[in-house]
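Thanks for sharing this one. Here are a few friendly notes on charged side chains and on how the copies relate, to read with the structure open beside you.

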There are 2 protein chains.
Amino acid sequence: MNLILFPPESLRHSPDGTAYVELRDPRRLRHLHEVHRATIGERYQLGEIDGEIGEGELLAFDRDLARFAFTPRRAAPQPLDLHLLLALPRPRMLARSLENIATLGVKRLTLLHTARVEKSYWQSPELGAEKIRQHLELGLEQARDTLMPAVELVTRFKPFVEDQLPALLEGRRGLVAHPGAAAPCPRGLPLDAPLLLAIGPEGGFIDYEVERLIEAGCEGIHLGERILRVETAVVALLSRLY
Amino acid sequence: MNLILFPPESLRHSPDGTAYVELRDPRRLRHLHEVHRATIGERYQLGEIDGEIGEGELLAFDRDLARFAFTPRRAAPQPLDLHLLLALPRPRMLARSLENIATLGVKRLTLLHTARVEKSYWQSPELGAEKIRQHLELGLEQARDTLMPAVELVTRFKPFVEDQLPALLEGRRGLVAHPGAAAPCPRGLPLDAPLLLAIGPEGGFIDYEVERLIEAGCEGIHLGERILRVETAVVALLSRLY
């Protein structure tokens, strides 16, 4: 952890204006103990979820509580203005992709059913809100970011693409990554360029899906002749775009 | 597997000039059975290691042998002229990184010891030649590539950087990825631009190491203020460079 995230309710102020952070959740306490080998008096990078990043001096630490004096220093890094539309990956790959997506600064993710997504993936415990949140937190902590991405699950492709996607693309450039598309992936866009990027499952979108996405206003783009696994493609596309 | 790789010795020619591929290795036979549910008469993409890619029609398939009629069609995709110098990652991350490196077209990899590499990583069974080769093959099969990367292990940083690196950098641009470096990672280089790219371990190169790499002729580059895990950084850097 390059940063220790804490929820806003962990932040307390004493009458003299000093800010304190009190962590009680077992995952963070364990991590402080096992990875940081946290020691009283040491300073750590702390970040308030959806808030500021600063320095925390560890004042007290036992099995149930870690207490820091907190001095906020700076805002979170600039987010991407990108809505990622990702065909639901297999559970193990989902976990890593969520971490990478959070690390790379995506703040809006739609996990979508498509023809080549196995229906059983939707039953995975990895899709529980708490599990998703844990992976996103790990990704944010890796990147030293505090802004929590929003994730929605969409189990029906057609109504989403027909009824919701056109409105999502108003004022936003839509891209669909598809091997064999005519145009190469754009490069070096500004972080605040409004984008929507659609990435298919292992095996890709089927032709029908690509046609519907293009009809809704997306441009087909490719990364070259090499076929990448989805989790690799997510990183490669985001890194090439910005 | 988007491609089934086979070693040159699996290729046989009948007197009438027809080429056959005979696979006997258990991993490929199992994969053909379990993932492809291979059926006699079906056609598969086959590639000779370090050779051509083509179409294979499955003629016979049992527990010990798969036999294809093979028609070569095209050469492997263009490789990168990039020598990747990677601080040895932790074993689990090494496996995925080897796959990604092979998928993305790197053909020369040096795994290097640095101050923040745990010594125990060098004892991992993942560093066995056969294990490394398996991960590289999976990566090549994913990308539909046949050109096997060369991997060398270097357990001493200083003699490598002082005695070997300057010669490796003759006619080759050297880059060292380091958060906080002055220059952003270059973009959109041609695939055949001769490069050497050094990537540190989790926690980064130490200052001394960055200084030695720069002294040997490398330029420091960064990917922005977000800190990426090594396996993510490998993909992000390669995708941004080309």
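1. Let me begin with a charge that stands alone. A:Glu48 is buried but has no salt bridge; A:Arg133, the nearest side chain of opposite charge, is 11 Å away. Please keep in mind that this is a predicted model. A pairing here would need a side-chain nitrogen of Lys or Arg within 4 Å of a carboxyl oxygen, so the distance of 11 Å leaves A:Glu48 without such a partner.

2. What does A:Glu48 touch, leaving aside residues up to four places away in sequence? Its contacts are A:Phe6, A:Pro8, A:Leu11 and A:Thr146. As for its place in the fold, A:Glu48 belongs to strand S4 of chain A, which covers residues 43-48.

3. A:Arg133, by contrast, does have company. It is linked with A:Asp25, A:Arg27, A:Arg28, A:Glu137 and A:Glu141 in a network of salt bridges. Over all chains, a search of the whole structure gives 44 salt bridges.

4. One pair worth a look is A:Arg67 with A:Glu22, a salt bridge whose closest N and O atoms are 2.8 Å apart. A:Arg67 sits in strand S6 (residues 66-74) of chain A and A:Glu22 in strand S3 (residues 19-23) of chain A, so this bridge ties together parts that are 45 residues apart in sequence. A:Arg67 is partly exposed, at a relative accessible area of 27%, whereas A:Glu22 counts as buried at 13%.

5. In chain B, I would point you to B:Arg27 and B:Glu141, which form a salt bridge with closest N and O atoms 3.7 Å apart. Because B:Arg27 lies in helix H1 (residues 26-34) of chain B and B:Glu141 in helix H3 (residues 129-143) of chain B, the pair joins parts that are 114 residues apart in sequence. Both B:Arg27 and B:Glu141 are buried.

6. Another chain B pair is B:Glu231 with B:Arg229, again a salt bridge, and here the closest N and O atoms are 3.7 Å apart. B:Glu231 and B:Arg229 are both buried.

7. Finally, how are the copies related? A turn of 180 degrees with a shift of 0.0 Å along the axis lays chain A on chain B, with an RMSD of 0.0 Å. The two copies are therefore related as by a two-fold rotation axis. Within chain A, the C-alpha nearest the axis belongs to A:Arg240, at 2.5 Å from it. Both copies use the same surface, as 100% of the contact residues of chain A recur in chain B.

Notes:
Residues numbered from 1 in each chain as written. Chains lettered and ligands numbered in written order. Predicted model: local features only at pLDDT ≥ 70, side-chain atom pairs only at ≥ 80, totals over all residues. Heavy atoms only, no water. Helix = DSSP H or I, 4+ residues; strand = E, 2+ residues; numbered from the N terminus. Buried < 20%, exposed > 50% of the residue type's maximum accessible area, 1.4 Å probe, protein only. Least-squares fit on C-alpha atoms with pLDDT ≥ 70 in both. Contact = heavy atoms within 4.5 Å. Lys, Arg positive; Asp, Glu negative; His and termini not counted.
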